[in-house]
Amino acid sequence: MKNIKINALASITVNILNIIFPLITNPYLTRILSKDNYGYYNNANTWASFIMPIAAFGIYNYGIRSISKVKENSDKINHVFSKLFYLSIFTSISITTLYFLFIELGTDISTLKILYYILGLQALFQFLNIEWMNEAYENYTFILYKTLFIRIVMLISIFTLVKVESDIIPYALIMTITTVLNYLISFLWIKKDVSFVKIPIKEILISSKNMFIMLLLANANMLYTLLDRLFITRSPHLEYISYYTISMNIVMLITIVLTGTINVTIPRLSYYLGKKDNDSYEYLINQSSSLFLFFIIPTGIGLILLGTFATVIYASEKYTAAGIVTSLFALRTLVWSLEYILGNQIIFVNDKERTLTLYYFIGGIINFLLNGLLYLNNIFQAEYYVITTLIAECIVVILEILFIKKHSLISLKSIFQKSTRYIIISLGFIPIYYTLKHVFQITSYAITINSLLMICCTIIFSTLYYASTLLIMKDSTIMYTIDILYNKFIKKFKR
């Protein structure tokens with residue numbers, strides 16, 4: 001069995017790469033491309049993002065769990081892989097065909113239609129996206145090297161081919177080609193470890209019925225941020241969809257690196273449950289969730305305060321109005337992080353995906369109704385749609401907590417205690433921020449030497465305050481983190 005610490009490091013490094021490269025390319029794109037062309041791209045990408053999960057048919061999450069439980073039996077692996085791959089070919093082609101027909105009849109704007117087609121090709125090649133096999137096999141080192149290669153190719157292509165404000169088509173082509181290349185490399189890599197076997201059509205059809213619940217689960221996110229974006233695309237103001245997309249990207253780029261501590265545990269948690277090793281299962285959840293919350297909560301609260309500055313640095317002053325949206329997304333992160341633990345590590349891993357799907361759809365329907373009210377009142381500003389999603393996700397978290405307690409899946413005491421502690425301590429960032437803002441005499445969101453110094457000082461002083469407070473309290477997570485750093489670096493240096 002592969003070392004979970006190495007897996008976590010590789011997964012976190014992949015997520016760091018997924019942050020670094022967009023932090024290089026996206027600020028360049030928002031400054032080079034016109035607001036209208038960038039709005040067209042975000043509009044088309046929203047609809048492509050809507051169709052891609054449907055084409056994937058929920059196979060990704062189902063595949064990780066299924067392979068993780070049988071990965072010691074090569075015959076069962078080949079059987080599961082072949083069945084899911086054949087099903088994926090059918091869903092990718094059929095769903096993309098319907099999408100292209102819809103696009104052909106749905107828009108007369110030539111640039112927008114071309115973007116719809118180009119980005120829609122990513123859904124057509126979803127059947128090659130077998131990254132779930134690599135995750136089930138815990139091949140995180142391979143994923144790291146492949147991600148580095150793909151990102152470098154993407155970076156060079158963007159700076160070479162996107163040079164003027166009208167180069168939106170070349171940009172869309174780059175994104176689609178590199179995405180398909182990413183799928184293809186993973187497919188060729190995993191194919192050396194598995195073989196295709198014959199699967200009766202009847203069995204595939206039966207599996208497709210069973211997979212329908214996974215389709216709903218995997219696509220439940222469409223009733224949240226993606227649904228928000230679909231409503232905003234109906235606005236006559238193209239910049240609103242860009243405000244929403246830019247703000248969401250900023251927050252997710254910063255927080256996604258931390259999800260590595262959760263993602264790498266899912267195959268191992270499924271393995272423990274398959275072996276009925278409940279003690280190891282509970283220990284791993286408490287350890288990984290504590291580490292996740294230790295980082296994600298102060299990050300979210302810090303970004304609430306610095307949201308507008310982060311937006312201007314990322315996307316230039318022409319997107320200053322998106323600052324409030326970034327701060328609201330950061331607030332949503334606090335709720336999302338808790339739901340991420342409850343939903344993925346506990347409910348889903350315990351094979352309760354039907355209940356989880358039901359809760360996602362309850363929250364999604366609430367979000368849909370709230371979005372509908374905004375739409376009927378001609379309200380398209382992005383910040384209101386973030387608030388509706390925040391409300392819906394709070395309801396989902398409450399339902400998940402009640403379910404976990406009712407069925408005694410695991411004790412949530414440690415998770416609640418850690419969350420409360422980190423939130424209360426992180427609220428100390430507020431006086432630090434406003435004191436430094438007064439000291440540096442910052443009265444606008446323009447990026448100047450003074451404002452950059454204020455931002456850096458806020459981050460440094462807040463980090464020192466957060467770490468020192470937890471050290472005084474002898475928080476187990478920070479002590480665990482220090483112990484890891486000491487053993488990995490300081491001891492080796494002394495030698």
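**Burial, ring pairs and cores**

Me: Why does Arg-229 count as buried?
Reply: Arg-229 has a relative accessibility of 7%. Buried means under 20% relative accessible area, exposed means over 50%, and partly exposed lies in between, with a 1.4 Å probe and protein chains only. The value of 7% therefore makes Arg-229 buried.

Me: What kind of model is this?
Reply: It is a predicted model, in which local features need pLDDT of at least 70 and side-chain atom pairs count only at pLDDT 80 or more, while totals for chains, interfaces and linings use all residues. Residues are numbered from 1 along each chain as its sequence is written, and side-chain values use heavy atoms, with hydrogens and water left out.

Me: Where is Arg-229, and which residues is it in contact with?
Reply: Arg-229 belongs to helix H10 (residues 225–232); helices are DSSP runs of H or I with at least four residues, strands are runs of E with at least two, and both are numbered from the N terminus. Contact means heavy atoms within 4.5 Å. Leaving aside neighbours within four places in sequence, the contacts of Arg-229 include Asn-45, Thr-46, Ser-49 and Tyr-244.

Me: Why is Thr-13 called partly exposed?
Reply: The relative accessible area of Thr-13 is 26%. That value falls between the two cut-offs, so Thr-13 is partly exposed. Thr-13 lies in helix H1 (residues 4–32).

Me: How do you know that the span of helix H2 agrees with its number of residues?
Reply: The expected span is 1.5 Å times one less than the number of residues. For the 22 residues of H2 (residues 35–56) this gives 32 Å, and the end C-alpha atoms are 31 Å apart, which agrees. Just after H2, Phe-57 takes a positive phi of about 60°.

Me: How many aromatic pairs are there, and what makes the pair of Phe-81 and Phe-85 stacked?
Reply: A search of the whole structure finds 35 aromatic pairs. The ring centres of Phe-81 and Phe-85 are 5.9 Å apart and their planes are at 25°. Rings of Phe, Tyr and Trp (its six-membered ring) pair if their centres lie within 6.5 Å; planes under 30 degrees apart count as stacked, over 60 as edge-to-face and the rest as tilted. Both values meet these limits, so the pair is stacked. Phe-81 and Phe-85 are both in helix H4 (residues 74–106), four residues apart, and both are buried.

Me: What makes Phe-142 and Trp-189 a stacked pair?
Reply: Their rings are 4.5 Å apart centre to centre, with 10° between the planes, so they pass the limits for a stacked pair. Phe-142 is in helix H7 (residues 140–161) and Trp-189 in helix H8 (residues 168–191), 47 residues apart. Phe-142 is buried at 12%, whereas Trp-189 is partly exposed at 36%.

Me: How do you know that a charge sits over the ring of Trp-189?
Reply: The charged end of Lys-192 is 4.2 Å from the ring centre and sits over the ring. The rule asks for NZ of Lys or CZ of Arg within 6 Å of the ring centre and within 35 degrees of the ring normal.

Me: What is the largest nonpolar core made of?
Reply: A nonpolar core is a set of buried Ala, Val, Leu, Ile, Met, Phe, Trp, Tyr and Cys residues joined through side-chain atoms within 4.5 Å. The largest has 143 residues, and those with the most contacts inside it are Trp-132, Met-133 and Ile-346. Helix H14 (residues 278–315) gives the most to this core, with 16 residues. A second, separate core of nine residues includes Val-14, Phe-21, Phe-142 and Ile-143.
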